[in-house]
Amino acid sequence: MNLITHTQLKGWLTRMMTDKTIIVPTRAIEGLALYQPVNSPDAIAFDFTQTAVSPKGFFLPASEALLTIEHVRQTAAESDGPEWNAKLCEPELERDQVLFAIRPCDAHALLALDALLLQEPVDAYYARRRERSTLIGLACEQMGPTCFCTSVGFAPDDSRGMDVMLYPVEGGYALEVLTEKGRGLMDGIALESYRGGRPQKTWSMPEFSVPPRAVWAQLFNDPHWNRLADRCLSCRICAYVCPTCRCFDVRDNTVAQGQGYQKIERLRCWDSCMAEGYRRIASGHNPRPTKSQRLRNRFYCKFDYYPTDFGSLACVGCGRCIDQCPVNVDITEVLQSVAAMGALGANTTRL
Amino acid sequence: MINAYMPRLGRLADIQPLGTGIKLFKVRLENGGDTQEFTYRPGQFAFVSAFGVGEAPFGITSVCGIDSTVDFAVNKVGTVTRALHEMNVGDIVGVRGPMGNWFPMDDIKGKNVIFLGGGIGGAPLRPVITSILHNRDHYGNMTILWAARNPNLLVFTNEYDLWRQSPRTELHLTVDEGDAGWTGNVGLITALLQKVKPSPDSAAVILCGPPIMIHFAIIELQKMGFTSEQIITTLEAKMKCGIGKCGRCNIGEKYVCLHGPVFSHVEIKEFLESFL
């Protein structure tokens, strides 16, 4: 490990900005802690526990064009065959990006997304951004009031998924290089070695455990889900702030139109299984018509289906959905209720 | 890196009416996207794009190696299907696929095969029937139960004679509601099943239709002595990607696009969440 001082850190980041997009926590928008690309290290806000929105958008943007389709109607003279011609273009790649001061939970979320999106057939857009991104992690000094990473198998100073990890210490940060990609960022920077070792911390938040699969199966038809969903507004904010929710919609948008010419973007946008029409097919059939079924799907996806299909929980304990839910649906309460009900046996809920 | 969201380009080589609001689109693929061979098996599906409107998944009704085009039977019910219905021969569409699993054509060899097709649900069964017709000696008796809400919604009527003329093959039709010219069975496919009474001995049942039909047909088949192992169905779901990423088609931990669309009843009865 090395010691990097605050001054060295600024110089290091400034140098990276010449050929890379540097994404850091800022408070530029109404004081909210948010990851944003910046041109100067002075914009970094270090006074945050958790950003309001996860950095998943730098890998899976809220909206992106998957394809640009140019549709050209040929004149009879140019073609004696069919009169339409379509050309498909993939969007250009962006610059390499470095995400600075990424929290451990958000790096874990990327590992969870990798398990799905990098599985064959890979999601080429996500894969390219992952390949061109380097993560500089920043260990948390404390857990926030809604944090529960220690209950879902992680820790606030966990370096899994990071390329470089920083631990706040006296005089700057203890810096640990974890991957080749991380080493690539260190070229031409001379740092003193740090002999203090990894700072040891204890965490104050109460821990609980994620109920096993059998308990979830047992409670699938429990009335608890109806009661919980009564107050859900289907606003979908939980999915949008979640670092592991990746469900998306795909739509065509016509961006230019002229005589015999049409330019279309095929857009992919974040979506959420909380939406009423999410699973409705054109004939009108909707296999998940009630709010209760949809909210249940959210929790089963995170703690039962996703682990079964992709070998990883789809929850990293960041607590953002708890922070943002307008009606106080609390995922940690759900986990604890499910565990308690599981201990009592099926359909015994009195909650 | 292959981009699984990139459609190939295809041209509509032919468009045939199949019923009220239902058309058969025959697509000739061009070298758009990538140039890998487009090989597919009975039961697989593909996304068809009406550029500017969007794309949607459809079962492939043609048979790879037999038909020279990739065919889709499309019921005009939503935005993409409406746009497709307005297209003409020669127009360009996008085709992304093939996707999903397929019917176990080898496992059902030597067996009596019973088909239950409801409405446009007959579309993914057509390639299974056609494949069997081309390898008739490898399969036992074929009993086709074909249903629709009304006579104008019965699909592939122009192939009925071909099916009937094949050895050891029966075709039974029923409609929920007849019309002036209809002299055949009137009633649900479950009633037709009771009337035809196919034997479960050495048989396999292949179903496709609306979820409610699949649900009640399976109950009826079980009453008749068919085991879960003998019942194979395809399920439909709203989808956006077809490759297990968009999250939209899950039934519990199963994705219709990845683990299906073909499921045996052995799997279905273990579903935590209902497909209904």
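**Close-up views of a predicted two-chain contact and its surroundings**

Helix 4 of chain B and helix 5 of chain B run roughly parallel to each other, because angles under 35 degrees count as roughly parallel and theirs falls in that class. The model shown in this and the following views is predicted.

**View 1. Helix 4 of chain B packs against helix 5 of chain B.** The axes of helix 4, residues 189-196, and helix 5, residues 211-223, come within 9 Å of each other and cross at roughly 25 degrees, and the crossing of these two helices of chain B is right-handed. From helix 4 the contact takes B:Ile189, B:Thr190, B:Leu193 and B:Gln194, which meet B:Met213, B:Phe216, B:Ala217, B:Glu220 and B:Leu221 of helix 5. Sorted by character, the residues of this contact are six nonpolar, two polar and one charged.

**View 2. Chain B meets chain A in an interface that includes salt bridges.** To this contact chain B gives 44 residues and chain A gives 51 residues, and between them the two chains bury about 4000 Å², of which 56% lies on carbon and sulfur atoms. Six salt bridges are counted between chain B and chain A; in a salt bridge joining B:Glu273 to A:Arg288, the side chains meet at 2.7 Å, taken from N to O.

**View 3. A salt bridge in chain A links A:Arg130 with A:Asp114.** Over all chains, the whole structure holds 31 salt bridges, and in the pair shown here the closest N and O atoms are 2.6 Å apart. A:Arg130 belongs to helix 3 (residues 124-131) of chain A and A:Asp114 to helix 2 (residues 104-117) of chain A, so the pair ties together parts that are 16 residues apart in sequence.

**View 4. Two cis peptide bonds of chain B precede B:Pro98 and B:Pro261.** The bond that joins B:Gly97 to B:Pro98 has an omega of about -5 degrees, and B:Pro98 is placed in strand 6 of chain B. For the bond between B:Gly260 and B:Pro261 omega is about 10 degrees, with B:Pro261 lying in the loop between helix 6 (256-259) and strand 15 (262-264) of chain B.

**View 5. A:Ser234 and A:Asn328 have positive phi values although neither is glycine.** Phi is near 55 degrees at A:Ser234, a residue of the loop between helix 6 (224-230) and helix 7 (237-241) of chain A. At A:Asn328 phi is near 60 degrees, and this residue lies in the loop between helix 9 (320-324) and helix 10 (331-344) of chain A.

Methods: Residues are numbered from 1 along each chain as its sequence is written. Chains are lettered from A and ligands numbered from 1 in the order in which they are written. This is a predicted model: local features need pLDDT of at least 70, side-chain atom pairs count only at pLDDT 80 or more; totals for chains, interfaces and linings use all residues. Side-chain values use heavy atoms; hydrogens and water are left out. Axes are lines fitted to C-alpha atoms, for helices over the stretch in contact, and angles run from 0 to 180 degrees between N-to-C directions. Helices (H or I, at least four residues) and strands (E, at least two) are DSSP runs, numbered from the N terminus. Angles under 35 degrees count as roughly parallel, over 145 as roughly antiparallel, 65 to 115 as roughly perpendicular and the rest as oblique. A crossing is left-handed if the near helix is turned anticlockwise from the far one by less than a right angle, and right-handed if clockwise. Contact means heavy atoms within 4.5 Å. Ala, Val, Leu, Ile, Met, Phe, Trp, Tyr, Cys and Pro count as nonpolar, Asp, Glu, Lys and Arg as charged, and the others, Gly among them, as polar. Buried area is the accessible area (1.4 Å probe) that two parts lose on being put together, summed over both. A salt bridge is a side-chain nitrogen of Lys or Arg within 4 Å of a carboxyl oxygen of Asp or Glu.
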